[in-house]
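Here's a quick tour for anyone meeting this protein fresh. Have a look around first, and then we'll walk through it together.

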Amino acid sequence: MAFLTLAVCCLLSLSVVHSQPSEAENDHTVFVLIGGTGDLAAKYLWQGVFNVYRSYMDRAQSSESIDGPLIVNLTFDFFTAARQSQDLGNATVKKILSYNVTCDQESEDREDGFSLSLCQKWKSELINKVVYTPLQNEEDFVSLCSQIISKFSLSASQAKKEVLIYMAIAPSAYESVLQNLNKHCYGLRENKVKIKVALEKPFGIDKASAETMSKQILKYFREDEIYRVDHFLGKPVVKAILPFRAQNSEIEKILDKDHVEKVEIFLKETIGIEDRVHLYNSLGVLRDIHQNHLTQLLTLVAMDLPSDLRDTAKVQENKERLLRQVETVRRHNSLFGQFSDYADLVKKLESNLSVSVDVPTFAATVVKINSPRWRSVPFLLVSGKSLDIRESFVRIIFKNNYVCVSQCDDQTGNEQSSYFKQVVFHIGHGSVKRPSILVSKSFRNPVCPDNFLESIDPSLFTSVSVYGEKASHFYVCSVVKDIPAYESIISNMLVGKQENFVNTKILLLSWQIWDYLVNAEKKVRIYDKSDPRGHLNFVIKESQLEYVHDDDESNVVIEDEKVVTHSEVMHEYVQTPATFLGRKLKTSHSDHLAFLLARDIDLAAGVEIQNKGSFHIAFSGGTSLTKLFQVLAQSFANLHWHSIHVWQVDERCVPHQDERSNFQMLDRELLRFVDIPYSNIHAMPVYTGGMLCDDELGGAHAYADTLRHIVPNSQLDYVILGLGADGHTASLFPFSSDIHVDTNTFVVTTDDGPAETNRRMTITLPLINKAKNVAIFVTGKHKRDIVNQLETSKSVDKYPVLGVNPINGTVTWYMDYNAYTGGVHVL
């Protein structure tokens with residue numbers, strides 16, 4: 001069994017009582033640590049388990065409460081098991097507990113030595129009472145489960161009974177281990193024992209694998225029994241984000257698009273991947289950091305606050321709602337880098353491992369939230385390895401929208417307004433020595449959440465300036481006790497705080513944001529260790545990220561380049577001509593191509609709105625334009641939509657709620673996300689009076705008349721067309737009589753479409769050719785053949801798209817690499 005290489009469980013029996021009740025009256029918890037001899041357990045988990053256990057023991061002895069009423073009658077059991085022999089397993093576990101588990105500095109600093117002596121006592125008991133059991137086959141699971149179940153045989157019916165199973169093993173082993181535990185520990189449910197299962201990331205490598213893994217787990221354990229661990233959610237500052245927001249209404253009420261300029265969420269590391277080569281080479285920074293840690297931080301900062309933070313269901317519900325509003329991250333929203341020694345390091349440490357040249361060790365992405373609260377605010381998510389400093393933070397930067405009208409020279413009563421406005425959740429390391437919350441003195445003195453106190457100690461900072469300001473310009477809430485993340489996680493499991501874990505819905509929603517990008521081809525910029533030349537610095541331009549410094553041959557990963565002709569597709573690169581069929585040509589990857597077209601639309605709209613106060617654009621149907629709609633909604637939501645009129649190029653004769661409707665896609669992907677007046681949306685009237693495209697109702701004539709009445713000189717500013725594999729455009733199909741209508745016929749109803757939806761409404765070539773700008777957007781390998789055919793033909797009847805020839809306008813072809821070269825890269 002694959003899991004047996006890593007599987008370990010740990011066992012310790014002990015009791016704490018203040019009175020002398022019978023053993024049956026004790027509340028009872030069993031910890032089962034799977035993977036207890038692995039690196040994660042050795043470095044963090046055993047220490048966390050010990051800290052929580054010791055905290056309970058100390059508080060019980062001093063009669064203090066922990067997270068509510070004191071449990072004075074406590075019994076804990078810890079099981080450990082592995083493939084190792086009995087003697088070797090005992091030695092391994094004892095070594096970890098002896099050398100890796102320590103008493104904290106606070107205990108060692110006590111002058112009376114009382115706390116330290118107690119700590120050493122609890123540690124000694126732990127070492128002496130851990131029982132190791134080999135776990136090598138299914139029979140061993142039977143034995144292990146029998147031992148666990150027996151621990152509850154004498155418990156009173158009213159006693160609290162629970163089992164905590166911590167899976168510190170490779171996710172590939174989850175299913176087999178959980179299946180055996182569920183099968184052979186079924187008696188736990190019969191004894192009404194509450195089960196909690198903690199799972200470590202990665203939770204899949206994309207959305208599909210995450211869904212598969214989740215279904216496998218849910219076959220054996222219920223959703224309320226699953227605790228997916230993101231250790232960042234156990235860090236003190238991260239746990240304090242929601243309470244801080246709730247306690248500081250002055251700041252909370254201005255967390256929106258009207259007041260926030262941008263939000264920076266950073267996780268920088270100075271180390272490389274020395275201890276995680278094999279895993280990192282398959283994950284990269286997006287899967288390792290962005291999809292989980294940074295997305296969870298974004299959720300905590302941007303979600304709506306529930307009325308009661310103690311309401312776990314409501315907290316999770318609000319997180320889910322926020323994630324549904326986060327737009328899918330695309331390539332033009334992102335930058336990637338790889339530290340220069342990556343490939344050599346992989347080969348050195350794992351000589352048989354195939355190096356992925358495009359695995360990013362650095363990524364910067366701009367994330368947009370399509371909600372009334374956050375629309376247009378960029379959330380910058382940045383993380384990387386081998387950088388200049390180790391630091392993690394969430395930084396909210398507010399707009400400088402303060403305008404002084406009176407007494408502007410008198411700053412004595414308004415000194416705070418001169419400070420830069422920001423709130424920083426400093427999670428750890430870097431320029432602040434302790435986890436802290438920094439608030440500009442532009443605000444009133446903030447209320448510090450639990451476990452944080454206001455600090456005025458200048459030695460807290462490593463320099464006089466932090467986050468672009470003098471340290472003295474901040475109020476500081478500094479953590480009182482920096483509780484290790486895994487101690488917090490285990491403590492939260494004990495008290496059932498599931499809001500600090502990742503449920504299945506949140507997991508899949510987060511993957512929905514990143515699924516496209518993790519699988520997309522990436523261009524990575526090579527950077528030296530610590531990036532001494534600043535090659536990773538970038539700027540934001542309309543949600544597109546661009547490096548400040550131009551790239552060069554020494555700072556980019558490329559293959560050997562060969563310039564070839566359009567037809568020589570066996571090579572890796574082709575030279576792109578400036579034109580196609582005598583018209584301007586733009587080529588790129590499909591998602592970036594959509595951004596290029598969206599940017600051109602933006603520029604044209606700005607000119608037309610300034611000149612005449614309106615902009616008229618017509619969109620064709622077809623799935624290829626989905627990406628364009630998404631980019632317009634995501635990155636150009638701030639267009640002057642109140643001055644923009646949207647028209648349809650063509651429409652199938654189906655109701656608008658039909659999945660085949662072009663308007664439904666236009667509305668679903670674009671219109672509902674932008675502030676466009678309803679009166680500016682001009683859908684084709686294919687369904688009128690309960691009839692579809694009825695000639696007697698004259699829908700085509702009515703649409704043409706509306707267009708003549710609203711559009712100046714009947715000249716559309718922009719027409720977006722697609723290209724069918726047969727050469728059709730709009731709904732003008734080969735050899736259709738509608739190709740040759742008279743110049744005054746702008747809209748027709750045709751029966752020449754494909755059999756499944758042959759009847760359609762479409763604008764005609766005379767109207768298209770009156771337009772100022774025409775864009776023909778072509779994507780996909782299946783379009784390559786028609787692209788080649790168009791170069792050798794002049795027949796408009798056979799290829800209607802060749803009839804697109806504006807009288808006084810321009811035509812630009814937008815082709816992705818798949819359509820133009822069959823997927824070959826373009827120079």
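What share of the contacts with a separation of 6 or more comes from residues 24 or more positions apart? The answer is 79%. Keep in mind that this is a predicted model.

As for the overall make-up, the protein has 827 residues, and 55% of them count as buried. You'll find 22 helices and 36 strands in there. The accessible surface is about 35800 Å², with 49% of that belonging to carbon and sulfur atoms.

Now for the inside. The largest nonpolar core holds 127 residues, and Met167 and Phe379 have the most contacts within it. Helix 11 (residues 277-302) gives this core its largest share, 11 residues. Domain 1 (28-60 + 72-102 + 120-200) and domain 2 (233-398 + 420-532) each supply at least three residues to it. Leaving aside residues up to four places away in sequence, Met167 touches several others, including Ile34, Tyr174, Leu178 and Val197. Apart from this core lies another one, with 43 residues, including Cys693, Ala700, Met761 and Leu767.

Next, a small open sheet: 3 strands in the order 27-33-32, paired antiparallel. From one strand to the next, the twist averages 15°. Here are its edge strands:

| Edge strand | Residues |
|---|---|
| Strand 27 | 650-652 |
| Strand 32 | 747-750 |

Strand 32 is joined by 4 bridges to strand 33 (residues 760-763). One pair of bridge partners is Thr749 and Met761, the latter in strand 33. Helix 19 (residues 699-710) lies across strand 32 and strand 33, at about 160° to strand 32.

Definitions and conventions. Residues numbered from 1 in each chain as written. Predicted model: local features only at pLDDT ≥ 70, side-chain atom pairs only at ≥ 80, totals over all residues. Heavy atoms only, no water. Core = buried A, V, L, I, M, F, W, Y, C linked by side-chain atoms within 4.5 Å. Buried < 20%, exposed > 50% of the residue type's maximum accessible area, 1.4 Å probe, protein only. Helix = DSSP H or I, 4+ residues; strand = E, 2+ residues; numbered from the N terminus. Domains from an automatic or database assignment. Contact = heavy atoms within 4.5 Å. Areas by Shrake-Rupley, 256 points an atom, 1.4 Å probe, with all protein chains shown as cover. Pairing = 2+ DSSP bridges. Axes fitted to C-alpha atoms, helices over the stretch in contact; angles between N-to-C directions.
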